[in-house]
There are 2 protein chains.
Amino acid sequence: MTEQECAEGTELKVRPANEAVAAAVAAARRLIVSLLHADQVPEAEMAEVADQLTAVADRLDARVPAMADRIAASRATPYREDAGRRDLVTGPQNAIAPPLCLRGKEDGSVSGAVTLGLPYQGPPGCVHGGVSALLLDHVLGAANYWAGPTGMTAELTLRYERPAPLFTPLTVTGRQLSVDGRKIRAAGAIYAEGKACVSAEGLFIAWNSGSVSR
Amino acid sequence: MTEQECAEGTELKVRPANEAVAAAVAAARRLIVSLLHADQVPEAEMAEVADQLTAVADRLDARVPAMADRIAASRATPYREDAGRRDLVTGPQNAIAPPLCLRGKEDGSVSGAVTLGLPYQGPPGCVHGGVSALLLDHVLGAANYWAGPTGMTAELTLRYERPAPLFTPLTVTGRQLSVDGRKIRAAGAIYAEGKACVSAEGLFIAWNSGSVSR
């Protein structure tokens with residue numbers, strides 16, 4: 001699957017709330033990358049950087065809702081637009097998210113595009129195997145959402161065929177295979193330079209409000 | 001497995017280079033959390049926050065080694081202390097890492113402790129299934145490292161028995177099961193409040209320098 005093919009279809013990613021939010025998250029992602037090498041910066045300068053970052057964190061903490069309210073809101077309903085904004089894999093407001101650009105295609109499958117840098121490294125030069133698992137779990141879930149019934153992961157099997165490289169455009173595909181009562185099966189893979197790196201098969205159990213509450 | 005049991009054993013986490021680095025990464029982790037709700041801050045104020053963060057990112061980018069040098073160094077050797085500092089799961093300099101506190105135990109197994117917040121959310125109130133996969137892939141790899149030969153993930157099977165809750169101490173265990181030539185098997189699980197939430201079995205292939213280079 002080429003990048004161009006990934007660009008076709010319906011974008012499943014939620015947009016950032018506004019330009020200011022997008023710019024702040026972009027800066028946070030740059031900080032995550034550079035902090036990896038903070039040990040190579042003189043300690044006195046890092047102390048100033050830490051003070052600056054702490055001041056911004058204090059400022060922002062004072063403006064967002066109280067944590068208890070954030071937690072309560074996050075549990076209210078599973079599929080709101082703001083939950084999508086905070087998503088760990090595709091979310092424009094989650095600085096941890098690479099983010100993956102995900103599209104739903106006419107044939108019922110989904111396809112995502114992402115290029116990963118040093119924060120996501122496992123073996124030298126390669127994507128951490130657990131990050132590949134995270135991407136595939138997410139994309140299989142999205143494939144279920146796009147095709148019809150979706151639910152929570154019950155089983156996930158990953159096969160690592162070759163290392164997925166960093167700094168290389170990756171395509172992550174997912175497709176719903178079957179629905180049998182509440183049992184949903186989906187499969188997908190991560191491709192780099194036209195070759196499958198990691199493939200996944202998953203069993204999902206259709207949502208039941210009781211099964212996701214604590 | 002209790003938290004106290006996790007606290008026993010040899011700490012496998014690398015320490016931050018200095019206090020200033022630790023403080024900067026702590027602030028970055030707070031920023032990741034608060035930026036999730038940046039849409040609820042007035043846009044004019046977020047624009048100021050974005051400018052402040054961009055200024056710090058510019059400052060830090062100018063002080064760390066050039067990206068080409070960082071990439072080259074990251075590929076030089078797989079198990080240096082600085083690679084541990086940048087690790088995605090346990091690394092004190094990787095703001096994405098929760099971080100997991102990981103210990104090697106006398107019986108040859110490893111055990112980690114972590115409590116996850118909103119950046120790692122999947123279903124409401126629950127850890128993202130892909131994050132559980134990331135933690136388990138990592139801890140099974142660490143179990144191999146602690147017990148003897150280690151290598152790259154070839155197959156990983158995850159069974160999700162119940163949702164792993166956010167804001168609750170989780171224990172992540174791993175144990176090497178067998179070594180047969182280059183084939184290494186390991187298993188582990190994530191526990192919350194004494195119950196298994198997710199279990200994993202993995203097949204790993206012992207390191208061969210040719211297999212991880214691109």
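pLDDT is the predictor's confidence in each residue, on a scale from 0 to 100. This structure is a predicted model, so that score is a handy place to start. Chain A comes out with an average pLDDT of 91, and 92% of its residues score at least 70. Looking at the elements of chain A, strand E6 (residues 183-192) has the highest mean, 98, while helix H7 (residues 209-212) sits at the bottom with 44. Residues 1-6 of chain A have a pLDDT below 50, and beyond near neighbours in sequence this stretch makes 11 contacts in the model. Much the same goes for the stretch around helix H7: pLDDT stays under 50 over residues 209-214 of chain A, with 14 contacts beyond four places in sequence. For the model as a whole, ipTM is 0.92 and pTM is 0.92.

Now for the empty space inside. The structure holds 2 cavities of 30 Å³ or more. The largest has a volume of about 160 Å³. Its lining takes in 18 residues, and the ones closest to its centre are A:Ile96, A:Leu134, B:Leu88, B:Ile96 and B:Leu134. Helix H6 (129-147) of chain A and helix H6 (129-147) of chain B each chip in at least two lining residues. By class, that lining is 18 nonpolar residues, with no polar and no charged ones.

The second largest cavity has a volume of about 30 Å³. Lining it are A:Ala28, A:Leu31, A:Ile32 and A:Leu53, along with B:Ala28, B:Leu31 and B:Ile32. Here it is helix H2 (19-35) of chain A and helix H2 (19-35) of chain B that each supply at least two residues of the lining. These lining residues divide into 7 nonpolar, no polar and no charged.

Note on methods:
Residues are numbered from 1 along each chain as its sequence is written. Chains are lettered from A and ligands numbered from 1 in the order in which they are written. This is a predicted model: local features need pLDDT of at least 70, side-chain atom pairs count only at pLDDT 80 or more; totals for chains, interfaces and linings use all residues. Side-chain values use heavy atoms; hydrogens and water are left out. On a 1 Å grid over the protein atoms alone, a cavity is a set of points where a 1.4 Å probe fits but cannot get out, and a pocket is an open set with protein on both sides within 12 Å along at least five of seven lines; lining residues have an atom within 4 Å of a point. Grid points are joined across faces, edges and corners, and a volume is the space filled by probe spheres set on the points. Helices (H or I, at least four residues) and strands (E, at least two) are DSSP runs, numbered from the N terminus. Ala, Val, Leu, Ile, Met, Phe, Trp, Tyr, Cys and Pro count as nonpolar, Asp, Glu, Lys and Arg as charged, and the others, Gly among them, as polar. Contact means heavy atoms within 4.5 Å.
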